Amino acid sequence: MNATRDFIIKNARELFLEKGYGSVTVQDICTACGITKTTFYYHLKSKEEIILNIYDSITKSLSEYMIEILSVDHYWEQLMILFESLAKESVRYGIDLQKQLFISNLKDDRGSYDFREDLTRIAVKLIERAQEAGQIRNQSPAEALYRTSAYAFLGYHLTWCMKGDQFKAFEQIRQAMEQIYDVAPELRTDPQQP
């Protein structure tokens, strides 16, 4: 790890959250860090490179939620906490940065939304256990279910970025997941759903 690079990224993210990505210049970042532009460009190619690391930061922050995940008895609820923690972290970074992350990846796939091996392994194990316990009735392969639900999550996430906070995407994610996984009625948000 490069301590200077990490320091620059940390300070830049704070500026982005405070002022908005478009309002922050490389000079603003340099001033906040007490460095020159030469130092900035030695460690980073561009301002855009900073936001390309956001999704990795979000998935790495899941360790903060592990106690909550492990304290829940039902595997289905553990899986939902996993997805909901990703949503909470996305909201924490805000729509502006999330939009920029999508834009950067639409211009050139930078891998920000690729599946992370550790996260996939955790989710697949939770799905398998929930299937064995009868909490998830869809018996499709666990990894296929996870990939399907991750793409659904990404779709809701993108719609939230386009529509803003009036689109309650993260409130709808659980309902969509319940449909994909065919969750036992007693575990559904609305037990009247099929």
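Let's start at helix H8, which runs over residues 117–132 of this predicted model. Its 16 residues reach 22 Å from the first C-alpha to the last, close to the 22 Å expected at 1.5 Å a residue.

Which residues of H8 are buried? They are Leu119, Thr120, Ala123, Val124, Leu126, Ile127, Ala130 and Gln131. These buried residues lie on the same side of H8, because they cover an arc of only 165° around the axis. The spacing of such a set is easier to read with a general rule in mind. An α-helix has 3.6 residues a turn, so residues three or four places apart point the same way. If you turn to the other side of H8, you will find Glu117 and Glu132, and these are exposed. Just after the helix comes Gly134, whose phi is positive, at about 80°.

Now let's look at a residue that touches H8 from elsewhere in the chain. Tyr75 belongs to helix H7, which covers residues 75–107. Leaving aside residues up to four places away in sequence, Tyr75 touches Leu126, Arg129, Ala130, Ala133 and Gln135. Two of these names, Leu126 and Ala130, will be familiar from the buried residues of H8. Is Tyr75 itself buried, partly exposed or exposed? Tyr75 counts as partly exposed because its relative accessible area is 28%, and that class lies between the buried cut-off of under 20% and the exposed one of over 50%. You can also use Tyr75 to gauge a distance to another part of the chain: Ser149 is 74 residues away along the chain, and the C-alpha atoms of the two are separated by 16 Å.

With these details in place, let's step back to the whole chain. How many helices and strands does the chain have? The count is 10 helices and 0 strands, and reading along the sequence gives the pattern α-α-α-α-α-α-α-α-α-α. Along the principal axes, the C-alpha atoms fill a box of roughly 60 × 35 × 30 Å.

Of the 194 residues in the chain, 47% are buried. As for contacts with a separation of 6 or more, 65% are between residues 24 or more positions apart. On the outside, the accessible surface comes to about 10,400 Å², and carbon and sulfur atoms hold 52% of that area. Finally, the charges: the chain carries 23 positive and 28 negative side chains, and the centres of these two sets lie 5 Å apart.

Note on methods: Residues are numbered from 1 along each chain as its sequence is written. This is a predicted model: local features need pLDDT of at least 70, side-chain atom pairs count only at pLDDT 80 or more; totals for chains, interfaces and linings use all residues. Side-chain values use heavy atoms; hydrogens and water are left out. Helices (H or I, at least four residues) and strands (E, at least two) are DSSP runs, numbered from the N terminus. Buried means under 20% relative accessible area, exposed over 50%, partly exposed in between (1.4 Å probe, protein chains only). Contact means heavy atoms within 4.5 Å. Accessible areas come from the Shrake-Rupley method with a 1.4 Å probe; for residues, only the protein chains shown count as cover. Lys and Arg count as positive and Asp and Glu as negative; His and the chain ends are not counted. The place of a charge is taken as NZ of Lys, CZ of Arg, CG of Asp or CD of Glu. The expected span of a helix is 1.5 Å times one less than its number of residues. The arc is that of the directions from the helix axis to the C-beta atoms.
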